[in-house]
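Q: Could you take me through one part of this model closely? I would like to hear about the salt bridges and what surrounds them.

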Amino acid sequence: ITSAVSSMFNEGTQLYNSRQLAEQIEKLGASISASSSADFTIVSASSLSLDTREIFRLMAEMVLFPTF
């Protein structure tokens, strides 16, 4: 189940559908990924340091307000 959940983080949020979310991340030249095991889930991002605030905002949106 955790693997299925982590694979769905990029499927959309309350503010962005899947395409819009991908566009926001691409606009920053960043990437966000999620993986999990039986004991934990990891959400990670790669971006320029000047985009830290925005990438953390998008990560929080994906984790706290998913549409699945």
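A: Happy to: here is a walk through the salt bridges, followed by the nonpolar core. Please keep in mind that this is a predicted model.

The count comes to two salt bridges. Let's start in helix α2, which covers residues 18-27. Here Arg 19 pairs with Glu 23, and their closest N and O atoms are 2.8 Å apart. The two residues sit four apart in the helix, so about one helical turn separates them. Arg 19 is exposed, at 52% relative accessible area, because the cut-off for that class is over 50%. Its partner Glu 23 is partly exposed, at 41%.

The other bridge belongs to helix α3, residues 52-64. Glu 54 and Arg 57 meet there with an N to O distance of 2.5 Å. These two are three residues apart, again about one turn of the helix. Both partners are partly exposed: Glu 54 has a relative accessible area of 26%, and Arg 57 has 32%.

Arg 57 also leads us towards the core. Setting aside neighbours within four places in sequence, Tyr 16 is in contact with Arg 57, as well as with Leu 21, Gln 24, Leu 58 and Glu 61. Tyr 16 itself is a member of the largest nonpolar core, which has 11 residues, among them Leu 21 and Leu 58. The elements that contribute two or more residues to this core are α2 and α3, and α3 gives the most, with four. Thus the helices that carry the two salt bridges, α2 and α3, also supply residues to this core.

Terms used: Residues are numbered from 1 along each chain as its sequence is written. This is a predicted model: local features need pLDDT of at least 70, side-chain atom pairs count only at pLDDT 80 or more; totals for chains, interfaces and linings use all residues. Side-chain values use heavy atoms; hydrogens and water are left out. A salt bridge is a side-chain nitrogen of Lys or Arg within 4 Å of a carboxyl oxygen of Asp or Glu. Buried means under 20% relative accessible area, exposed over 50%, partly exposed in between (1.4 Å probe, protein chains only). A nonpolar core is a set of buried Ala, Val, Leu, Ile, Met, Phe, Trp, Tyr and Cys residues joined through side-chain atoms within 4.5 Å. Contact means heavy atoms within 4.5 Å.
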